[in-house]
Amino acid sequence: MRIGIEAQRIFRSKKHGMDIVALNSILALQQIDKVNEYFIFTNEQEDTNCLQETENFKIIRNSGHSYPVWEQIILPLLIKKHHIDVLHCTSNTAPLFVSVPTIITLHDIIYLENSPLKIKGTPYQKWGNFYRSKIVPMVLKKAKKVITVSEFEKNRISESIHFENNILDTIYNGVSEHFFIQSTDGQLSFAKYRYHLPDSFMFLLGNTDPKKNIARTLQAYDIYRKRVENPVPLVIADFSNETLMKELQLNDINEDIIPLIHLIGYVQNSDLPFIYQLSTAFLYPSTRESFGIPILEAMACGIPVLTSNTASMPEVAGDAALYMNPFDIFDIAKNIIEITENKETRENLIAKGLKRVENFRWFKTAEKLIEVYKSF
């Protein structure tokens, strides 16, 4: 079988959720499937070393087009050119007109639940939500199989969209193997130097997307640091100083908090295990996620996790995380105190997390994907 996988953005240097899922799924497929032929349709960007061709995996690069043009015009032409039998689109959208069965990984439908132009975010994020809001309902009608990443999201999708013949199914994401490896003292020392990390800290993956809940987390941290004698500093990745200052002003947080907050910029996925392993705890306060891979990454690194009691987070973390109400800054602050001050809580979460994360490996994701491909 000749299987096409749309993975247009996996070579960009600053990868985020859907890019990481697509890349790791492909890498796992390479390891376990030596029979089918795979054609990875992608763009020509900076990080070309993250995926290499093998005998039955070919990388088809095509550059210089906007995403809609690439997806709706270029991709269908490439599918015909390479005689693809089935196409797997990995990031919510797909071409409207293709002559082969299409599988779509639908990570979430946030852009269908609210007006895409009214959702807070950057102009780029708003444009992406607008494009998806128009394309997704049309392509889902033509898809032969729709995959999502959690039972939570499956239920949300089912409530909004009617599917016939049980074409909607759940395949969980996984955790990359390098998160399970204990880093050397040298690697940890270098990471601490490179990212200017304090001796102890809580770790938070920042983002301007409103669902990441950074504003409330900063308010909660302000409450926390006033309630304890020696507050643990907060390290935030992928968050600018300009955005931080704006959030402090909007939420009336005194600037004397700034020495406790360390902004380290974007962290490459290969460096993330070092940051996790150096941290005291990992905070994942998102209000809405279809999965939440960072929860499992922290668990694999042996770090206690504080996350939200909403959306997919309880499904992913099970009994191995401390939960908070992400809409209540006082509850967030209370649980930050618990996870930083209570050694017994921390040790219990670490033990449960190491056990929990074993349920989520990329080879399991790949095995289920192959079953889907073989059904066509």
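## A walk through the chain, starting at Ser 312

Let's begin with a single residue: beyond its neighbours within four places in sequence, Ser 312 is in contact with Ser 150, Phe 152, Glu 289, Ser 290 and Phe 291. Keep in mind as we go that this is a predicted model. If you want to find Ser 312, look in the loop that runs between strand 12 (305-308) and helix 11 (313-317). Its relative accessible area is 0%, and since buried means under 20%, Ser 312 counts as buried. Glu 289, one of the residues on that contact list, also has a polar link with it: the side chain of Ser 312 reaches the backbone oxygen of Glu 289 at 2.7 Å.

Now zoom out to the whole chain. The protein chain holds 14 helices and 13 strands. Its radius of gyration is 21 Å, close to the 21 Å that the globule rule gives for 376 residues, so the chain is as compact as a globular protein of that length. Lay the C-alpha trace along its principal axes and it spans about 65 × 45 × 40 Å.

What share of the 376 residues counts as buried? The figure is 57%. As for how the chain folds back on itself, take the contacts between residues at least 6 apart in sequence: 66% of them join residues at least 24 apart. On the outside, the chain exposes about 17,000 Å², with carbon and sulfur atoms supplying 51% of that area. There are 41 positive and 44 negative charges, and the mean positions of the two sets sit 5 Å apart.

Back to the details, and on to helix 10, which covers residues 293-300. Eight of its eight residues are buried, so this helix is largely enclosed by the rest of the structure. Going along it, you meet Ile 293, Pro 294, Ile 295, Leu 296, Glu 297, Ala 298, Met 299 and Ala 300. Just after helix 10 comes Gly 302, which takes a positive phi of about 75 degrees.

Our last stop is Ile 167, in the loop between helix 5 (151-160) and strand 7 (168-170). Is Ile 167 buried or exposed? With a relative accessibility of 13%, Ile 167 counts as buried, because the cut-off for buried is under 20%. Setting aside residues up to four places away in sequence, Ile 167 touches Ala 143, Lys 144, Lys 145 and Val 146. Take Val 146 from that list: Ile 167 and Val 146 are 21 residues apart in sequence, and their C-alpha atoms are 5.8 Å apart in space.

Definitions and conventions:
Residues numbered from 1 in each chain as written. Predicted model: local features only at pLDDT ≥ 70, side-chain atom pairs only at ≥ 80, totals over all residues. Heavy atoms only, no water. Helix = DSSP H or I, 4+ residues; strand = E, 2+ residues; numbered from the N terminus. Buried < 20%, exposed > 50% of the residue type's maximum accessible area, 1.4 Å probe, protein only. Polar contact = N/O pair within 3.5 Å; in protein donor to acceptor, adjacent residues only side chain to side chain. Contact = heavy atoms within 4.5 Å. Rg over C-alpha atoms; globule rule 2.2 N^0.38 Å. Areas by Shrake-Rupley, 256 points an atom, 1.4 Å probe, with all protein chains shown as cover. Lys, Arg positive; Asp, Glu negative; His and termini not counted. Charge placed at Lys NZ, Arg CZ, Asp CG, Glu CD.
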